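Biologist: I have a chain on screen and some questions about it. Could you walk me through them?

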Amino acid sequence: MHQPGLPRNDLSISQPRGLTRLGLSAKLLLVTVLFVMLAEVLIYLPSIANFRRNWLNDRIAAAQVAALVLEGAPEDGLPEGSENRLLMGVGARSIAARVGGARRLLSLDSMPPPEVSRSIDLRNLSWINAIEEAVAVLVSPATMPIRVVGEAVGGADFVEIVIDEAPLRQAMLKFSWSLLLISLLITGLTAIAVYIALNALIIGPIRRLAANVMEFEADPENPQRIIEPTLRADEIGEAERALARMQETLADELRTKKHLAELGLAVSKINHDLRNMLAAAQLMSDQLIETRDAKVRRFAPRLIATLGRAIEFCQATLAYGRAAEATPVLRDVALRQLVTEQAEMLGLPGDGRLRFENRVPAELIAPCDPDQMARVLTNLMRNSVQALTQAGAEADAQPQLAVTAGPVNGSVVLRVIDNGPGVPERARANLFQAFRGSVTPGGTGLGLAVAAELVRLHGGTIELEPSSAGAVFRVCLPLRRSNGH
């Protein structure tokens, strides 16, 4: 179990490295050798069976010559000594041939042919039987002679011989030893060739990927640690390009998070003194209301409201720096009244140069956290007011801000609409990201980021709707409350 203060990386990374005994290259070499040896075994079985068949066929061919001699021999038999020379040349104990329905026999012994351990008919021997019999010769050699039957030439019907199996087994063992040496040589050369090829094509690039990932892990904010993809068009090339994109995105995010952390630390240090100074200024400005100067008394409420908004902005910045926003406490809220309150806090409609319209139906009720939804509305409406104040409306029209809302398919859809310059294209991709989505010079983009986070906590969505003029922000909140609220 992970203990506080103990680096998690030491547990999750060092242990697998200690358990790894073989690298990819060694495993690849071992698997290559095993599969090549398996292929050699599969080749060996039919090869040894074919060698045995050919060896026996050679003896049958020699016996066929003897059969021709028997066919042309006189009735009283061959000259003395000729039979033994024929048998010795074939390497058989006896040779028999059926000629014209009569069976002619040559034998070294005057006695009848001995009993045999096996009978082999080469005329109808299948490959399966040939392999089984070849293995049997090597594993359990016969103790008695074997009988072999083959095709005959000339007038003979067939030729059969009785031979000892020992010479056959010795020849098969010699062939197997030669094949083993050749197989080992082929296996070694093949394994080395496959190892070199796969190591260059696969293992090497994978090692490069793994090494880069470990280097990037050590210093993810260093742009020099981002992998440089090769021009490969295969899966490894795709992985390199995907890794490069991921590292760039992650490095960007880490730098942003680091800036956020530094900002949070800095704001935390100055927040106490800043709020004290603002509170003191607010107390002093309260006294301005009691002055007899009508002009001062007219501007005093605006000064107080401005100081209040400054304090709220400082608190909002601190709230964003926290690990997470509080879970919303849902209540049935009248949205029109909530919009009116936020408009008054922003000083709308103000001096009349900016026209504000609250088009939310009075009877519309939405389940939401009133404090958090007030922050959402304030951020969206403040952005519109700033855009209209700094850039004005399009086509020299009167600056206008409107808020509409209504039920749509089981949700409440709220829109904040203005006829200002709209959102620049360059800001749309990161519109709801802090410090990256600001649309005003010197802005931080915190407002939209906070609004997006609060809407997501409500289970809703926020987006910038396409519009021909100005900006339209659409907030969608579910009407049904989730379980637990």
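Biologist: What share of the residues in the protein chain is buried?

Modeller: Keep in mind that this is a predicted model. Buried means under 20% relative accessible area. The protein chain has 485 residues, and the buried part of them is 35%.

Biologist: How many helices and strands are there in the protein chain?

Modeller: Both kinds of element are present, and the protein chain has twelve helices and twelve strands.

Modeller: For contacts between residues at least 6 apart in sequence, there is also a figure for long range. The share that joins residues at least 24 apart is 68%.

Biologist: How much of the accessible surface belongs to carbon and sulfur atoms?

Modeller: The accessible surface of the protein chain is about 28,600 Å² in total. The part that belongs to carbon and sulfur atoms is 58%.

Biologist: Is serine 176 buried or exposed?

Modeller: Serine 176 sits in helix H6, residues 166-218. Leaving out residues up to four places away in sequence, serine 176 touches Tyr44, Ile48 and Leu138. Its relative accessible area is 13%. The cut-off is under 20%, so serine 176 counts as buried.

Biologist: And methionine 214: buried, partly exposed or exposed?

Modeller: Methionine 214 also lies in helix H6. Its relative accessible area is 39%. That value falls between the 20% and 50% cut-offs, so methionine 214 is partly exposed.

Biologist: What separates the C-alpha atoms of methionine 214 and arginine 225?

Modeller: Along the chain, the two residues are eleven residues apart. In space, their C-alpha atoms are separated by 9.5 Å.

Biologist: Which residues does glutamine 247 contact, leaving aside neighbours within four places in sequence?

Modeller: Glutamine 247 is in helix H7, residues 235-286. With a relative accessible area of 1%, glutamine 247 is buried. Its contacts are Asn212, Phe216, Arg225, Ile226 and Ile227.

Biologist: Which residues make the nonpolar surface patch of about 410 Å²?

Modeller: Take leucine 42, one of its members. Leucine 42 is found in helix H3, residues 24-71. At 56% relative accessibility, leucine 42 is exposed. The full patch is made by Val31, Phe35, Leu38 and Leu42.

Biologist: Now the open sheet of five strands. Which strands stand at its edges, and why?

Modeller: The sheet has mixed pairing, and its order is S7-S9-S10-S12-S11. Two strands have a single partner strand each, so one side of each is left without a neighbour in the sheet. These edge strands are S7 (355-358) and S11 (461-465).

Biologist: By how much are neighbouring strands of this sheet turned against each other?

Modeller: Direction is ignored here, and the value is an average. Neighbouring strands are turned by 15°.

Biologist: Which residue in S9 stands opposite phenylalanine 356?

Modeller: Start with the pairing of S7 and strand S9, residues 400-408. The two run in the parallel sense and share four bridges. Opposite phenylalanine 356 stands leucine 401.

Biologist: What is phi of asparagine 409, and where is this residue placed?

Modeller: Asparagine 409 is in the loop between S9 and strand S10 (411-418). Asparagine 409 is exposed, with a relative accessible area of 78%. Its phi is positive, in a residue other than glycine. The value is near 50°.

Methods. Residues are numbered from 1 along each chain as its sequence is written. This is a predicted model: local features need pLDDT of at least 70, side-chain atom pairs count only at pLDDT 80 or more; totals for chains, interfaces and linings use all residues. Side-chain values use heavy atoms; hydrogens and water are left out. Buried means under 20% relative accessible area, exposed over 50%, partly exposed in between (1.4 Å probe, protein chains only). Contact means heavy atoms within 4.5 Å. Two strands pair if DSSP finds at least two bridges between them. Axes are lines fitted to C-alpha atoms, for helices over the stretch in contact, and angles run from 0 to 180 degrees between N-to-C directions. Patches are made of residues with over 30% relative accessible area and no salt bridge: like charges are joined within 9 Å, nonpolar side chains (Val, Leu, Ile, Met, Phe, Trp, Tyr) within 5 Å. Accessible areas come from the Shrake-Rupley method with a 1.4 Å probe; for residues, only the protein chains shown count as cover. A salt bridge is a side-chain nitrogen of Lys or Arg within 4 Å of a carboxyl oxygen of Asp or Glu.
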